[in-house]
Amino acid sequence: MIRPSTPEDAAHIVELVVAAEMFTADDAPFVEEMMAGYFALDQAQGHRCLVDADSDLVGVAYYQPKIAADRVWDLSMIAVRPDRQGQGRGSTLIRHIEDDLRERGQRLLLVDTSGTPQYDRTRGFYRRCGYDEEARIRDYWQAGDDLVVYRKALAS
């Protein structure tokens with residue numbers, strides 16, 4: 001079941017993104033701070049955080065409007081628990097986001113990811129979901145790790 005996240009989900013979200021290797025355990029405080037900011041202020045600024053939950057938290061997606069851009073959104077985070085990957089949970093989450101944005105007349109959804117081999121599967125996921133590689137900035141994250149930007153038009 002996909003639903004808006006609640007403050008009670010925050011610790012589980014941190015555990016999930018670390019388990020999915022989206023962030024390292026050393027990065028957990030960054031994710032904790034991001035979630036605290038979301039519940040304190042970011043919701044009022046249009047940010048959205050969804051979770052896919054059965055009896056446990058299975059997936060999470062965080063998306064936000066791009067400042068100073070006309071109806072453009074950034075998918076800042078999407079992750080599915082490793083033991084539930086490959087079951088369509090991630091693509092269901094991303095379709096839910098796209099449908100939400102379309103219903104509200106939004107134009108584009110952008111996704112930033114890494115160009116390293118560790119993220120080959122992630123980039124394949126975005127391509128299978130209909131995203132096009134729009135840009136690549138060499139050595140962005142660090143030397144040898146490119147920023148890869150994917151784009152999907154939401155309006156016809």
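Trainee: Is Lys 152 buried or exposed?
Mentor: This is a predicted model, so the call rests on computed areas. The cut-off for buried is under 20% relative accessible area. Lys 152 has 15%, so the label is buried.

Trainee: Which residue forms a salt bridge with Lys 152?
Mentor: As a general point, side chains of opposite charge can pair when their charged atoms come close. Here the closest N and O atoms are 3.2 Å apart, and the partner of Lys 152 is Glu 98.

Trainee: How many residues apart are Glu 98 and Lys 152?
Mentor: Glu 98 sits in helix H3, while Lys 152 belongs to strand S7, residues 145–153. The pair links distant parts of the chain, and the separation is 54 residues.

Trainee: What is the relative accessibility of Glu 98, and which class does that give?
Mentor: Anything under 20% goes down as buried. Glu 98 comes in at 4%, so the class is buried.

Trainee: Strand S7 also holds Asp 146. Which residue forms a salt bridge with Asp 146?
Mentor: The closest N and O atoms of this pair are 3.1 Å apart. A salt bridge needs that gap to be within 4 Å. The partner is Arg 136.

Trainee: Which strands does the pair of Arg 136 and Asp 146 tie together?
Mentor: The two residues are 10 apart in sequence. Arg 136 lies in one strand and Asp 146 in another, so the pair ties together S6 and S7.

Trainee: Which class does Arg 136 fall in, and which does Asp 146?
Mentor: Buried means under 20% and exposed means over 50%, with partly exposed in between. Arg 136 has 39%, so Arg 136 is partly exposed. Asp 146 has 14%, so Asp 146 is buried.

Trainee: Let's go to Asp 54. Which residue does its side chain meet in a salt bridge?
Mentor: Asp 54 is in the loop between strands S2 and S3, and the partner is in the loop between S4 and H3, 30 residues apart. The N to O distance is 3.1 Å, and the partner is Arg 84.

Trainee: Which residues are linked with Asp 54 and Arg 84 in a network of salt bridges?
Mentor: Asp 54 itself is partly exposed, with a relative accessible area of 43%. The network brings in another Asp and another Arg, namely Asp 52 and Arg 89.

Trainee: How many salt bridges does the count come to?
Mentor: The pairs we went through include Glu 98 with Lys 152 and Arg 136 with Asp 146. The count comes to 15 salt bridges.

Trainee: Now the largest pocket. Which element gives the most to its lining?
Mentor: The pocket holds about 1400 Å³ of space and is lined by 42 residues. Elements that give two or more residues include H1, H2, H3 and S6. With seven residues, the top contributor is S4.

Trainee: How many residues in that lining are nonpolar, polar and charged?
Mentor: Nearest the pocket centre lie Met 22, Ile 78, Thr 113, Tyr 119 and Thr 122. Over the lining, the classes come to 19 nonpolar, 14 polar and nine charged.

Trainee: Which residues make the nonpolar surface patch of about 330 Å²?
Mentor: One of them is Tyr 140, which lies in strand S6. A patch residue needs over 30% relative accessible area, and Tyr 140 has 45%. The full set is Ile 137, Tyr 140 and Trp 141.

Technical notes: Residues numbered from 1 in each chain as written. Predicted model: local features only at pLDDT ≥ 70, side-chain atom pairs only at ≥ 80, totals over all residues. Heavy atoms only, no water. Patch = residues over 30% accessible without salt bridge, like charges linked within 9 Å, V, L, I, M, F, W, Y side chains within 5 Å. Areas by Shrake-Rupley, 256 points an atom, 1.4 Å probe, with all protein chains shown as cover. Helix = DSSP H or I, 4+ residues; strand = E, 2+ residues; numbered from the N terminus. Buried < 20%, exposed > 50% of the residue type's maximum accessible area, 1.4 Å probe, protein only. 1 Å grid on protein atoms, 1.4 Å probe; cavity = no way out; pocket = protein on both sides within 12 Å on 5 of 7 lines; lining within 4 Å. Points joined across faces, edges and corners; volume = space filled by probe spheres on them. Nonpolar A, V, L, I, M, F, W, Y, C, P; charged D, E, K, R; others polar.
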